[in-house]
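Hi,

Here is the structure I promised to pass on. Have a look at it first, and then read on for what turned up in it.

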Amino acid sequence: MSRYYEVTDDDQQPLTWVQGRPLYAAHVIAASLVITLLLTTALLAFGGAAFLDTLRFHSAEVAAGQVWRVLSYGLVNPPSLWFVIDMVLLVWFGREVERILGRRSFLKLYAILYLIPPLLLSLIGLWTPQTLSGQTGALAVFVAFAVLHPRTALLFNLLAGWVAAILVALHALVALAAQNWAGLAVLLCTMGYAFAHVRHAQGRLSLPSMPSLRGDPIRDFPAPPHLRRTPAHTVAQPPRSQAQAEMDEVDSLLD
């Protein structure tokens, strides 16, 4: 049976119910991001831009020891229409991904999607300084949904698989037009991981396994004839000659 069907019922259930409506982890993540939007707006309005700068990701600052920026960059979310669209995608499609794959698998997916951009940009920053702020992961979550249900009809009866492909292609073209090679690398890595995560959860993608450090299992070979022990309850008989064997055969025939 594929790993896709091995999630437990509790793992697929919502965290709780609020006024008869299910509350999933995707809803909690979206609500947390909305709170960061409100806090970012308040800090920008009342002179807190300097504090926000200490939260943004800067590859040079991370290399200098400010490693908290790898985690805090997603807390800086200025208000924008795209942020609202991302929240709709995260709530709507993230809930379905969590319901199908299970809460633990969904949280693992989102956590790795959150860490891929700063870790990859830290590596690229060894050659060219990189910056980053704000992260929703909504597009990658939608790609995960499209991998699960590629033939689901969405707005204007467009299939989810085609919509995901078009959105990823548009983001790639924008990065290419701006010669944003680092952004293109982040896009491809996050979308590729979302695809691989779902395929692995479905049991349709196997990860390479490392050889065992314990060596091959011990096999029970039979001992050489000269080392074999005779059972205690039996007495070894001396070998009989060919003549004695022939006489035994004659005796049996006469009987």
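Gln130 is buried in this predicted model: its relative accessible area is 14%, and the cut-off for buried is under 20%. You'll find Gln130 in the loop between α7 and β4 (131-132). Its side chain reaches back to the backbone oxygen of Thr128, at 3.2 Å. Who else does Gln130 touch, not counting residues up to four places away in sequence? The list is Phe57, His58, Ser59, Leu121, Ile124, Gly125 and Ala182.

Next, the helix before that loop. α7 has 22 residues, which at 1.5 Å a residue should span 32 Å, and its end C-alpha atoms are indeed 32 Å apart, so the two agree. There is a bend of about 30° in α7 at Ile116, with a proline, Pro117, following within four residues. Both Ile116 and Pro117 are among the buried residues of α7, which also include Phe106, Leu109, Tyr110, Leu113 and Leu121.

Now for the core. The largest nonpolar core has 42 residues, and those with the most contacts inside it are Leu33, Leu90, Val97, Leu101, Leu109, Val143 and Met191. Two or more residues each come from α2 (25-45), α6 (81-101), α7 (103-124), α8 (138-148), α9 (160-177) and α10 (181-201). Which of these gives the most? That's α8, with 11 residues. If you want one residue to click on, try Leu90: leaving aside neighbours within four places in sequence, Leu90 is in contact with Ala26, Ile29, Ala30, Leu33, Arg95, Tyr110, Thr136, Ala138 and Val141. There is also a second, separate core of nine residues, and Phe57, Val62, Val70 and Val186 are in it.

Last, the aromatics. The structure holds five aromatic pairs. One of them is Trp92 with Phe93, stacked at 5.3 Å centre to centre with 15° between the planes. Phe93 is buried, at a relative accessible area of 6%. Phe142 and Phe145 make another stacked pair: the ring centres are 6.4 Å apart and the planes sit at 25°, and planes under 30 degrees apart count as stacked. These two are three residues apart in helix α8, so about one helical turn separates Phe142 from Phe145. In general, residues three or four places apart in an α-helix point the same way, because there are 3.6 residues a turn. Phe142 and Phe145 are both buried, and together with Trp92 and Phe93 they form one aromatic cluster.

Cheers

Conventions: Residues numbered from 1 in each chain as written. Predicted model: local features only at pLDDT ≥ 70, side-chain atom pairs only at ≥ 80, totals over all residues. Heavy atoms only, no water. Core = buried A, V, L, I, M, F, W, Y, C linked by side-chain atoms within 4.5 Å. Buried < 20%, exposed > 50% of the residue type's maximum accessible area, 1.4 Å probe, protein only. Contact = heavy atoms within 4.5 Å. Polar contact = N/O pair within 3.5 Å; in protein donor to acceptor, adjacent residues only side chain to side chain. Expected span 1.5 Å × (residues − 1). Bend = angle between axes of the 7 residues up to and from the residue. Phe/Tyr/Trp six-rings, centres within 6.5 Å; stacked < 30°, edge-to-face > 60°.
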